[in-house]
Each structure stands twice: as structure tokens, then as C-alpha cells.
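Here is a short briefing for a first look. Keep the sequence and the model open side by side as you read.

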Amino acid sequence: MSIKKTLIATSLALMVAMPALAQSDFPTKPITYIIPFNAGGESDLSARFQQAEWKEHTGEDVIIQYQSGAGGAQAWSQLNSIPGDGYTIMGINLPHTVLQPMEGSVGYKTDELTPVNYFHYTPNAIFVTKDSEYKTLQDLIDYAKENPGAVTLAGSGAKSANNLGQLQFDELAGVKTTYIPFSGTGPSITAVLGSQTTAGFNYATSGANQGDAMRMLAVASEKRLPAFPDVPTFKELGLDIVGGAYRGVAVPDSASEEMRQKISDIVTEINQDPDFIKKMEDGGFVLTNIGYEQMPEFMKKMKAEYAKSAAALGIGN
Amino acid sequence: MELLGYFLDALTPFNLMLALMGVILGTVIGALPGLSATMAVAVLVPFTFTMEPASGLIALGAIYTGAIYGGAFAAILVNTPGTPSAIATTFDGYPMARRGEGGLAITLANLASVFGGLVGAIALLLLAPPLAKVALVFGPPEYFWLAVFGLTLISALSVGNTLKGLIGACLGLMLSMVGVAVVGGDVRYTFDVQAFLGGIDITSALIGLYCVPVILDLVSTRAAHLKVNADVAKGGLRLREAMGIAWRSKFNVVRSSVIGTVVGILPGAGGSIAGLVSYTEARRSSKNSANFGKGEPDGVIATEAANNATVGGGFIPTLVLGIPGTPPDAIILGALLVQGIKIGPRLFNDEAQVVYTFIFGLLIATVLMLPTGLLIGRYAYKSVVSFPKSLLVPTVAFMTVVGSFAIHSNIQDTQMMFGLGVMAWVLNRYGFAPSPIVLGLVLGQIAEQGFVQSYLIGNATGNISGMFFGRPISIGIIFAAILTLGYPFFTEWRARKREVQPLTERAMDAEAHPANLQPKSATPGAPRGLDAGAILLAVVFAALGIMAYVATDAMSPMGAVFPATISVLLVVFSIGLVIFALLRKGSPSDKGDPAASTTRRILLTIIFGLWVFLIPVLGFFVAGLAAFGTMMVLAEHESRPAKTWLIRAITAVAVVAGFWWMMADVLLLRMPMGLFF
């Protein structure tokens, strides 16, 4: 970063941060931020983006720790045994924390977790290679209609956000595609790039890393993404698909109302940092700003939505 | 010449210092089982935010390459791969150390690692864009066949004992299925225990399967852990001799480095597969293949050259395609993004300065590994050799606990490690070696995912057989697998024709490996007794197989196909073993060293068990210190003056406190707190 940019960013950050700091004595020491996944994934990356700005906004560092296992369940099942003093927070994801407890005993229930801020989501998107014969989503739908089941879509994991998106796509477009689960975004994108599958149902963030080697046919966001102004949304194309994986921050249930609000405010504040916004948007993330006040309503909506999809996946019965 | 300019950029004092520190730190962390390159790289990422992107990358790359090399130390000295990449290093490295050639093994590992690392990095420098295409032509069927190829190594690892090896592999494959399946999403074989949901962690399983039996055998005898005579006589690390061996094995070194680079390019394969594949190839093409697994220097060379070559190889898809080849690559990719650097096909043009400075930094770090690796290796070897048993046993035990815990900050991994370790000791006693189990565990998921994905794609496109058998690279791998499987039979047939002693018999006569540390008690030619223990175990396995098969009923078709196949195989092999054993064919179990103290062994198991289950109650430090002290007393076979005990007690506190500090404050792990800390 150039000196000039640093100066501007710092002064901007200070202007935003000063009032918040003045009225609060929290935090006075580094906060531990647990990521329930391995390092290197989208959850880690977005937390790292936050980490880079964290000190400017709170005056203290944030320390990222990893506690992966069972698709996040390992960490979430232990969330409420952590002291609720606000100095330990945890990343939290949707649809994971709704779908996992539906499937069976995973050591926690959706309502036992306390998300205080969902700050972004990575919208689902359909990708093909740049040489693919499918230039538009309609091309792919037409082919899928003529050849039921023959279109293979690579995605990350079974019963995941990608899998949910693919099912929704099948239903709304009136086609039948075959979903091929891979053990993560990396392997599934590799399969798409290598033309092992017809296309991929992945996150839009992949589009940012692979440059023009892949073509994004449609993205499951409300509006077009700033980083991909030429890619239409599913909505524009007449398919009401909006969603992907949501990521946020949760606290132990013993945290006071005041503490929940404070953590939520820090996350919201970083969400307004121009540097942070630029990195996230360049990366294909979509910022959401769902703070603690809006949480009950948001969770209600999402749970209803996932309950519907879960039936299609054969979960919870 | 632009490249020269970038080379000079990499040579600034600051970058050189980063490379040096990175290699040292990486080697130390890699040497400790369970503390992985991924962890070290993740901890350092925030520090690189404030550096120039290229400098930050150099630091991270240096740590990564150092850690992969460091993994060899624990593999050679205590039979425990410090990282999964070093699995195959244990096959020959540990037997070498046992017979007093640990110093030579470490030096060979160092030379091979440096060479492999250079080949990988040079490939990254000169050939990255074309080589990246390798990652793309490898589809699900190729991954499936690659895993099958890896499994053929079992036939080599269990010469004269093939049925037991196959049963071990099936057990490993079953273990790999525990947890939530990637394909199908079924929850399999968790027995409703939440701890099993995440599956069995490979690294902690490795630590348990390889290291716990070593600890149990260590405590039971008076004999020193490693012989030292040969090394002492020839002066420590025997660099000159090692260079001679490496030079004679130059084809092995080059072939293994190339295999490592190519396998490294495949996202989803990684260092452990690279090591296993090149080990298999080295064994097949060697004149001394009977000596592999008994302390053959070429085995160490092949593995170590290959696994360090994966570092450079893994960066190829990371930097060219934006697809991380290995977990540390994924973190480094994230660090680049945080720096605001756009990854992807244009990176080599748009950010040439960053990329090339980094690659040269990686090359420099690899070269620096030569002196630093030898120095650290010398020190590690000396400590293991000179540590009295009463300190070595608790220290190694403590390291297994630290390592298995550190991976996910999860104490359940440690408990699983301990359980698997005790199981491995019992199984090994009856001739079921740990390596086939490990192979099954490591390759199981790759094989299953590749198989089911291939089947799904083949089914969708109406060409299942073409998917599996019609792709050129698949055919090549299948051919190599058949060659590996058939070659020993061919050489044996040829040997019998020429009336020389066939390979299988020579291999059985050679000093036994791996944890069959006991001298052969049965005199050759003595009548074979009934292998009652193995029969009993085989009956248990057959029952397990039947239960596992019944359980597939409740799974989705996608999730059931693999467990059903493997459980049927397990039943068939187990019944076969019972029949063979009743006919008194096959090799009998080793009865073990009669001088070994069973009481000490059982007591150690009890202390170890109490330890891993009391950590959540007492806290990591207190439980560790208590267990350390008790084991220290248990492992001492002589009476010692009070002063010795005082020194040892101080050492105990220092070791436990040192590790606690490193885990809690350096690696920033979440430490379990109980009543105390």
C-alpha cells in the first residue's frame, strides 16, 4: 500500500473510529476470533480482511485461531462453553448452522447459537470455462431441457449452499442437472476449469481468483456485483435465486446484551471501512450489514427458507 | 535480463534474513509431529500484512519448505512422521536409525530435500504455465486410480504377509469413512458419538499408529532406543558418505523430484501421496528392492526428494490458476489477497516483480536448508541419542499429545490418537503392520471421492466404463499399478528359474520392520505353531465387516457403495486368513522379546490413558506435568541418585512449560482449561 493511501485510509478510519472509541472502554486487550474451518477458505479470508482493519477501528488486535472439524460443528458445539466476556468470538455460517442440526445430533441446536452480525455472503454463481459452448445461462438451460440429467455441475460439498442453489435452479428453471460434490471450492473449481464437468455451481468469489479463465453465467445476488458488472443476476434472467453462504460473528450465550451489541457494532464499523469494502467487493463478496437488532428477523426468514430446501435434500425426516 | 533483476531483489539482506529465519522456524515446527506447515504459515500471516508482498511470501514459503523437510527428523528418529508428507520416510529411515545409522539417514534426507525442493522451485520458475495444465487434466477417475496405485504399495510393504496387509488396508479404508461423507453427505460409522462426526484426523491417527507402539516398546526394555556405534565411528552425520550414496542414486533423486513436482501440482493429492508414489517407484526399479522397508537409503531419498518437490509444484496451480495445491498454499493465497494482489492467470505478467522475487526467495530458502538442516538435524539426533530413556519416553509421549491436540485444538483427536495407538500395538504383535492401515486411511477419501464422482459423471453422460477405463492418463496409471503389483511375481519367477533365493524369502530374512523391533525368536526351519492370536483377530474383523455391511443399508446409494465394497473385502480377506492360518501357512506372529516387561507396558498404557482423558478435567499443563513425572519414573530401569532425579524433574518442567508456551502464545492454539490450566 502506498504511503498516501495508508494516510488517507488511516485518517478516514480514525474519523470513523474516534467517536466509537471515546464512548467505549471495550476492548482493552486483543480479542480472539475463532474460525470453525481450516485456514485458507472463504471464512478465513474474510476474517483476515477484517483483521487487517481491526486495530484501526478498535485500538486492539484481533487474533485468529482455527478450530476446524465436522464442517464447523466441532467449534459451534463448544461455543457456549467459552467465557462470555466478549474477548472470544467465533465465526458463524449459514446454511451450515441451520442444516446441520436438522440432520441429526451435532452437539448444538440452531437457536442455541448467538450470531450478533452477519456481515457478508458469497453468492452462488454458475461458471463455465471460457471456451465453453454455453455463452449464456439460457444456452445451458436449453441444453439441460433437451438432455435431462446430462448436465453435470461441480460444487463444494453435499447438502451445502452450492447444493441448495443447484436444487433451486433445477426447480425454477424446470430442468434436471446432476450435482457432483467435491471436497471444497478448490477441487470443484479445478474440475470446472479442466472441463471434467459441464459447469460449476460455486461461489462468485471463485470468479475473482480465476480471472478470465472462467465465464460466470449468472450470479445469485440481488444486484450485479461491482467486480463483475457484465454478469447478470439470476433475478434478471427470471429465476428468483438469491443466496449462497452467509458468514457472521457469534458470541457465547453468556455474553451480555451490551456486549453482543458492542461486538456487532465493531463488525458493522469495519463493514463501512472503504479499504475493507474494496477488498471484499473485488473478491466477489457481498456485504450485508445484518446487525444484532435485525438478527431475529433475519434468522426467522433464513430458517423458513432452508426448511423448504431441506425437504428437497431429504434432510430432517 | 529481467529475471536477474528479480533475483537481486530477492537477495536484499532483509529477504535473506526472512528466508533464513523461515527455514529454521519451519524445520523446528515440522520436526514436531502434529505441528504442521499449515499452522506455522497461518500464525505468521498477520506479520506479513505490513511487509512488502514479496518479502511476506518469501517468509511464508521458507517456513513451508523447512517444515516439509523437518518432518523427516521425527520419522527417522522416533518412527513418527512429523508431517503426513513424511509417512514413507519412516519405512526406511527408522530402521536405519535403529541399526545406528540415524545420522546418515538425516543427512540423506537433507540432501534429497534440498535437491527435490530446487527441482520443484525451478519448475515453478521456468515451466509454471504449461505445467499448470497437469492439474486440469487430472479428473475424478485419475484421482481414483492414483489412490489405487498408492494402495498397490501394500503388496510391497507386506511381503510374505499379504493377507494381513490387505486386511490392514481395509481397516484403514473403513477408518477413512468415519464421519460426514463429502459425497452424499451421509453420516457414517460415528456410533452417534459427536467426536467422530469430523472423521478421524489423518495426522493424529499417524501419530498414534506409528508412535505409541514405539513408546510402549521403549518403556518395556532396558536396551537403548537407537544404536549409535556406526555413526560415532564414522563421525556424526557422515556428509561425505551421504553425498556418495546420493550420487550413486542420482536417477532415483531426479525421478523422485520430478514425481514430487507433478504430484504437487495436483490439488487434492499433496506431499503424502507424492512420497508414497515415488517410494513405490524407487522400490520397483531398485536392484535392492528386497531391502526396502528394512533401512534402504534409497527409500529415504525417494520420499524426501519427492515431498520437498511438492512445495514448488504446489505453488504452480496456486499462482497460475488461483487454485491452492495444498493447505499452506491456500493460506498463502489468502495472504496475497489481503495484500490486495489479484491472483489468477495474469499474475505472472501483472505482478511479475512479486512473483519472481518470491520464487527466487524460495530457491534461496531451499539452498539455505542445506546448512541449517544439517545443523538442526545434528542437534536433534544428538538429543534423541543422548537423552536417557527415562526422559525420552515421557518427552515423546508428550509430543504425541501436543501434536494430536494441536491440529484442531481438539482433545478428542488426542484421545483417538491414543486409542488407535494401543490398537496398533496389539495388531502389530499379531503381524498386522501399521503401514497398510495408514495407507488405507490416507488414500481412502481420495479413492472414494474419485470413484463416486467418476460414477456420477459417467452415469450422467451415459459412459461409465469410458469414464473409468477410456481416459489416457487413467490407462497409464492403471498400467503402472499392474506393473507394480506384477513385478515382484515376475522377478520371483525369474529367480526361481535361475535357482537363486527369491525376493520374498530374502525380504523375510532381512531384519524385520517396522515396529517389529524384537529380534526374531523363532529359529529358521522350526515347525510353525498355530497363529491363534491372528485367527482370533481375523474372526473379529470378519464380524466387524459384516456389521459395517449391514450399516450401509441406511445410507444413500452414493454413500453406501464404497463402504459396502470394502466391508465385503474385509470379510473375504479375514476368512481367507483364518483358513490359511488353520492350514499353518503364512508367517506366524512374532512372539516378542522375552526380556520385555509387560508390567511396565501395561502401567504406561494406563497412565497414558488417564492422561488423555484427564486433560479436560485438570487442564493441559497440570495433566501433562503429572503424566510426564510418572512416566519418567516408570521408564527408568536402574536406581539413580537424587541429583539425577532433580535434574530430570527440572527438565520435565522445562519441557512441559516450553511446549505449553509455544502452543498457547506462539501458535495461538486454544488450550483446554480444567480445574487448573
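N289(A) is partly exposed, because its relative accessible area is 31%, which falls between the 20% and 50% cut-offs. This residue sits in strand β10 of chain A, residues 286–290. Its phi is near 60°, a positive value in a residue other than glycine. The model is predicted. The points below go from chain A, through a residue that touches both chains, to chain B.

**Chain A overall**

- Chain A holds eleven helices and ten strands.
- Its radius of gyration is 20 Å, and a compact globule of 317 residues would come near 20 Å, so the two agree.
- The C-alpha trace of chain A spans about 65 × 50 × 30 Å along its principal axes.
- Of the 317 residues in chain A, 61% are buried.
- Chain A exposes about 12,200 Å², with 53% of that area supplied by carbon and sulfur atoms.
- Take the contacts in chain A between residues at least 6 apart in sequence: 77% of them join residues at least 24 apart.
- Chain A carries 24 positive and 35 negative side chains. The centres of these two sets lie 2 Å apart.

**Backbone features in chain A**

- Most residues other than glycine have a negative phi, and most peptide bonds are trans.
- The peptide bond from L94(A) to P95(A) is cis, with omega near 5°.
- P95(A) belongs to the loop between β3 (88–94) and α4 (96–103) of chain A.
- K159(A) is not a glycine, yet its phi is positive, near 55°.
- The loop that holds K159(A) runs between β5 (152–156) and α6 (161–173) of chain A.
- K159(A) counts as partly exposed because its relative accessible area is 21%, and the buried class ends under 20%.

**A buried leucine in chain A**

- L79(A) lies in the loop between α3 and β3 of chain A.
- Is L79(A) buried or exposed? Its relative accessible area is 1%, so L79(A) is buried.
- Which residues does L79(A) contact, leaving aside its neighbours within four places in sequence? They are M90(A), L113(A), A250(A), V251(A) and P252(A).
- L79(A) and E112(A) are 33 residues apart along the chain, and their C-alpha atoms are separated by 9.4 Å.

**A residue in contact with both chains**

- Q74(A) is placed in helix α3 of chain A, residues 73–76.
- With a relative accessible area of 5%, Q74(A) is buried.
- Setting aside neighbours within four places in sequence, Q74(A) contacts S68(A) and G69(A) in chain A.
- On the chain B side, Q74(A) is in contact with Q194(B), G198(B), N410(B) and Q412(B).

**Chain B overall**

- Chain B has 29 helices and two strands.
- How does the radius of gyration of chain B compare with that of a compact globule of 677 residues? The globule would have a value near 26 Å and chain B has 24 Å, which agrees.
- Along its principal axes, the C-alpha trace of chain B spans about 75 × 75 × 55 Å.
- Buried residues account for 62% of the 677 residues of chain B.
- About 25,300 Å² of chain B is exposed, and carbon and sulfur atoms supply 70% of it.
- Among chain B contacts between residues at least 6 apart in sequence, 81% link residues at least 24 apart.
- Chain B has 40 positive and 33 negative charges, and their mean positions are 9 Å apart.

**An exposed residue in chain B**

- E52(B) lies in the loop between α3 (37–48) and α4 (53–78) of chain B.
- Its relative accessibility is 57%, so E52(B) counts as exposed.
- E52(B) and S289(B) are 237 residues apart along the chain. Their C-alpha atoms are separated by 49 Å.

**Cysteines**

- How many disulfides are there over all chains? The count is zero, with a disulfide taken as a pair of cysteine sulfur atoms within 2.5 Å.
- C170(B) is buried, with a relative accessible area of 3%.
- C211(B) is also buried, at 2% relative accessibility.

Key
Residues numbered from 1 in each chain as written. Chains lettered and ligands numbered in written order. Predicted model: local features only at pLDDT ≥ 70, side-chain atom pairs only at ≥ 80, totals over all residues. Heavy atoms only, no water. Helix = DSSP H or I, 4+ residues; strand = E, 2+ residues; numbered from the N terminus. Rg over C-alpha atoms; globule rule 2.2 N^0.38 Å. Buried < 20%, exposed > 50% of the residue type's maximum accessible area, 1.4 Å probe, protein only. Contact = heavy atoms within 4.5 Å. Areas by Shrake-Rupley, 256 points an atom, 1.4 Å probe, with all protein chains shown as cover. Lys, Arg positive; Asp, Glu negative; His and termini not counted. Charge placed at Lys NZ, Arg CZ, Asp CG, Glu CD.
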